[in-house]
Amino acid sequence: MTPRERLIVALDLPTVEAAEGVVARIGGAASFYKIGYQLIPVGGLDLARRLSAAGNKVFLDFKFHDIGATVERGTASVARLGADFLTVHAEPDVLKGAVAGRGRDPRLKILAVTVLTSLDQTALARIGLTTPIEDLVLRRAEMAAEAGADGVVASAREAAAIRARFGGALLIVTPGVRPKGAGVDDQKRVATPAEAIGAGADYLVVGRPVVEAADPQAAAKAIVADIAGVRGDGAG
Ligand code: C5P
């Protein structure tokens, strides 16, 4: 995998037109795009089809969380649509449903959301979770591995522990990535691209630092260069 293939740009934009404008400005600097809640109700799935037909990889960030049977049917529909990554919550029945719904689809990978990168220990305590974040992330990663999911979404801070425990058995997809000098927005457990990759992340999800940049292509290229500095696995 090249450094460029490790970058996933989160198209967190209000319209499909705005998203397509950013994709055009990024040009060839990225080829993996995440579509989430903001775009899904306003044409995001057609955008996913178009991006995919143009040779890009597509991450649908649905974060499914429902009874197993419903998650299973929803995931089967996503597999028919054609996508590369789908997120679900890290609970045993949800994960089992997603893995069953994906069936033998050779393309779709199921990712378990461990603990959102916008949460810290104080925020977790407010919802009654007093387990240390790293333990909670590892417990949820274990559920993902046991259910046969393909990977986890986790912050750079937990990536090394996940890699140490699960080796290559789980893909690690890391949001909360901020290039040096960039604002953190609402993210709390942040890291630079090089730090995240150095900690063991396979893919980085970056939204605002790219899509809100004056020059999204330059921003994407700078992140890819930062990744390449850590992993010498091919240029571009
Ligand atoms: O703009 P920013 O780089 O913070 O965007 C990060 C993206 O990753 C957002 O689309 C957010 O929904 C997503 N995400 C996250 N933390 C998770 C899972 C997904 O920030 N644990």
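In which sense do strand 1 (residues 7–10) and strand 2 (residues 32–35) pair, and over how many bridges? The two strands run parallel to each other and are joined over two bridges. Within this pair, V9 stands opposite Y33 of strand 2. Do keep in mind, as you look around, that this is a predicted model.

Now for the wider sheet. Eight strands close into a barrel, following the order 1-2-3-4-5-6-7-8, with parallel pairing. On average, and ignoring direction, neighbouring strands of this sheet are turned by 25 degrees against each other.

Two helices that pack on the sheet deserve a look. Helix 3 (residues 68–81) touches strand 3 (57–64), strand 4 (85–89) and strand 5 (109–113), and its direction makes about 165 degrees with that of strand 3. Helix 4 (residues 92–102) also packs on the sheet, touching strand 3, strand 4 and strand 5. The direction of helix 4 makes about 155 degrees with that of strand 4.

Finally, a word on the backbone. Most residues other than glycine have a negative phi. Against that background, K63 and D185 are worth a visit:

| Residue | Phi | Place | Relative accessibility |
|---|---|---|---|
| K63 | about 45 degrees | strand 3 | 22% |
| D185 | near 55 degrees | loop between strand 7 (171–174) and helix 8 (193–198) | 42% |

Neither K63 nor D185 is a glycine, yet phi is positive in K63 and in D185. Are they buried or partly exposed? K63 counts as partly exposed because its relative accessibility is 22%, and buried would require under 20%. D185, at 42%, is partly exposed too.

Methods. Residues numbered from 1 in each chain as written. Predicted model: local features only at pLDDT ≥ 70, side-chain atom pairs only at ≥ 80, totals over all residues. Heavy atoms only, no water. Pairing = 2+ DSSP bridges. Helix = DSSP H or I, 4+ residues; strand = E, 2+ residues; numbered from the N terminus. Axes fitted to C-alpha atoms, helices over the stretch in contact; angles between N-to-C directions. Contact = heavy atoms within 4.5 Å. Buried < 20%, exposed > 50% of the residue type's maximum accessible area, 1.4 Å probe, protein only.
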